[in-house]
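Here is a short tour to read with the structure open beside you. Take it at your own pace and look up each residue as it comes along.

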Amino acid sequence: MTGDGVGAAEEGRRAREEKLAVQLHWARAFDRWLAGLAPSTRRAYRRAWDDLCAFAEKRPQDILSADVQEWAEDLGERALDPLVLRGLKRKGRRGQGEELGLSPATMAQRLSAVSSFYRVACTKYLVRTEDGGERPLHSYNPAANVRRPEVEAYTESEFLDARALGRLLRAIPR
């Protein structure tokens, strides 16, 4: 093998190592971000993140605001799982002809999850630079300016009536 072949092989090895290092940083940042959250929140946020990455078919560092916006629009147009749809209809949360799209609250939650992770990648997860300094893992939050659906608080909440509230209060030990 000539000197040029050895140099090219070394460059290829370094490029592969750099790519692996970047992937490892993103995985660590993601795990650290999820670590402090409740198990149900971790599941929901991971589902949102996995869904965005599958939709965009890009690495996290390559996702653009336009990708997140297209994903958000897709969330509002998706066909729902038949079992989920049946449950929503039974609870009165979906009517006839309302078979498409996640609810505005679910869409907002997924967008918030993605935005939250990118905020961490841009502000709290630092990586070493070649000169020994530090920089954020990512330079911008592609979800920050994406339009989010308007959500009214407590629209799907079920409240206790006066009798149920009385039973609850009487059940509290004194």
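Which residue forms a salt bridge with Asp 74? The partner is Arg 78, and the closest N and O atoms of the two are 2.6 Å apart. Please keep in mind that this is a predicted model. Asp 74 is partly exposed at 23% relative accessibility, and Arg 78 is partly exposed too, at 21%. The pair does not stand alone: salt bridges with shared partners join Asp 51, Asp 74 and Arg 78 into one network.

**The chain as a whole**

The protein chain has 6 helices and 2 strands. Read from the N terminus, their order is α-α-α-α-α-β-β-α. There are 174 residues in the protein chain, and buried residues make up 30% of them. Of the contacts in the chain with a separation of 6 or more, 54% are between residues 24 or more positions apart.

**Salt bridges**

Side chains of opposite charge can pair when their charged atoms come close. In this model the count comes to 6 salt bridges. The table shows three of them, including the one we started with.

| Acidic residue | Basic residue | Closest N to O distance |
|---|---|---|
| Asp 67 | Lys 58 | 2.8 Å |
| Asp 62 | Arg 59 | 2.7 Å |
| Asp 74 | Arg 78 | 2.6 Å |

Is Asp 67 buried or exposed? Asp 67 has a relative accessible area of 11%, so it counts as buried. Its partner Lys 58, at 31% relative accessibility, counts as partly exposed. In the pair of Arg 59 and Asp 62, Arg 59 is partly exposed at 37%, and Asp 62 is partly exposed with a relative accessible area of 31%.

**How α2 packs against α3**

Helix α2 (residues 39-56) packs against helix α3 (residues 65-75) at an angle of about 110°, with the axes 10 Å apart. That angle makes α2 roughly perpendicular to α3. On the α2 side the contact is made by Ala 48, Asp 51, Leu 52, Phe 55 and Ala 56, and on the α3 side by Asp 67, Val 68, Glu 70, Trp 71, Asp 74 and Leu 75. By class, these residues divide into 7 nonpolar, no polar and 4 charged. You will recognise some names here: Asp 51 and Asp 74 belong to this contact and also to the salt-bridge network with Arg 78. Asp 67, which meets Lys 58 in a salt bridge, is another residue of the contact.

**How α2 packs against α5**

At what angle do the axes of α2 and α5 cross? They cross at roughly 85° and come within 9 Å, which means that α2 is roughly perpendicular to α5. From α2, the contact involves Ala 44, Tyr 45, Arg 47, Ala 48, Trp 49, Asp 51 and Leu 52; from α5, it involves Gln 109, Arg 110, Ala 113, Val 114, Phe 117 and Tyr 118. The contact of α2 with α5 has 9 nonpolar, 1 polar and 3 charged residues.

**The aromatic residues**

A search of the whole structure finds 10 aromatic pairs. One of them is Trp 26 with Tyr 118: their ring centres are 6.1 Å apart and their planes lie at 70°, so the pair is edge-to-face. Trp 26 lies in helix α1 (residues 3-35) and Tyr 118 in helix α5, so this pair ties together parts that are 92 residues apart in sequence. Trp 26 is buried at 6% relative accessibility, and Tyr 118 is buried at 0%.

Tyr 118 also pairs with Phe 117, with ring centres 5.9 Å apart and planes at 55°, so this pair is tilted. Phe 117 counts as buried at 1% relative accessibility. Both belong to one aromatic cluster, formed by Trp 26, Phe 30, Trp 33, Tyr 45, Trp 49, Phe 117 and Tyr 118. Tyr 45, Trp 49, Phe 117 and Tyr 118 are also among the residues that make the contact of α2 with α5.

**A glycine in a loop**

To finish, look at Gly 101, in the loop between α4 (82-90) and α5 (104-123). Gly 101 is buried, with a relative accessible area of 2%. Its C-alpha atom is separated by 4.0 Å from that of Gly 76, although the two residues are 25 residues apart along the chain.

Definitions and conventions: Residues numbered from 1 in each chain as written. Predicted model: local features only at pLDDT ≥ 70, side-chain atom pairs only at ≥ 80, totals over all residues. Heavy atoms only, no water. Salt bridge = Lys/Arg side-chain N within 4 Å of Asp/Glu carboxyl O. Buried < 20%, exposed > 50% of the residue type's maximum accessible area, 1.4 Å probe, protein only. Helix = DSSP H or I, 4+ residues; strand = E, 2+ residues; numbered from the N terminus. Axes fitted to C-alpha atoms, helices over the stretch in contact; angles between N-to-C directions. Parallel < 35°, antiparallel > 145°, perpendicular 65-115°, else oblique. Contact = heavy atoms within 4.5 Å. Nonpolar A, V, L, I, M, F, W, Y, C, P; charged D, E, K, R; others polar. Phe/Tyr/Trp six-rings, centres within 6.5 Å; stacked < 30°, edge-to-face > 60°.
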